[in-house]
Amino acid sequence: MEGVADSPDGQYMDIHDALNMMTLEVVGTCAYGVNFNALQPKASATGSREYSLVDACIEFFRGSSFANGSRWGMITALVPPFWGPVLRFLAHTFPDPPFTRQLKARDTIIDTS
């Protein structure tokens, strides 16, 4: 069994993910006084997916990897640092989908804090 248990409605539940979210809730509430709503359902009452703080953190760090990140991140890693301002301007002017998702996640994290 790979950390999966049957839920009452017949769907699967990732135990590892559930324990991570529970830990995030406990530490966030007790240590920082922040309710991350990590254990709440992902869909809103209208059926649309909400972009929670937990989702934003996952997306932000996913975009930091070479495999899932923006082409701008890869280019920045390969060129000398003095090209940073030019690449930053180009990335914001011509964003690719991973960079756009990372910017949205960053804004969600900033708005929450």
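Student: In this predicted model, where do E59 and R62 lie relative to each other?
Tutor: Both are in helix α2 (residues 53-62), 3 residues apart, about one turn of the helix.

Student: What makes E59 and R62 a salt bridge?
Tutor: Their closest N and O atoms are 3.1 Å apart. The cut-off is within 4 Å for a side-chain nitrogen of Lys or Arg and a carboxyl oxygen of Asp or Glu, so the pair qualifies.

Student: Why is E59 called buried?
Tutor: Its relative accessible area is 12%. Buried means under 20%, so E59 meets the term.

Student: Why does R62 count as partly exposed?
Tutor: R62 has 40% relative accessibility. Partly exposed runs between the buried limit of 20% and the exposed limit of 50%, therefore R62 falls in that class.

Student: What makes R101 and E59 a salt bridge?
Tutor: The N to O distance is 3.3 Å, and the rule asks for within 4 Å, so this pair also counts. The pair links distant parts of the chain, with R101 in helix α5 (residues 97-112) and E59 in helix α2, 42 residues apart.

Student: How do you know that R106 and D107 form a salt bridge?
Tutor: The closest N and O atoms of R106 and D107 are 3.7 Å apart. That is within 4 Å, so the pair is accepted. Elsewhere, salt bridges that share partners join E59, R62 and R101 into one network.

Student: How many salt bridges does the rule give?
Tutor: The count comes to 3.

Terms used
Residues are numbered from 1 along each chain as its sequence is written. This is a predicted model: local features need pLDDT of at least 70, side-chain atom pairs count only at pLDDT 80 or more; totals for chains, interfaces and linings use all residues. Side-chain values use heavy atoms; hydrogens and water are left out. Helices (H or I, at least four residues) and strands (E, at least two) are DSSP runs, numbered from the N terminus. Buried means under 20% relative accessible area, exposed over 50%, partly exposed in between (1.4 Å probe, protein chains only).
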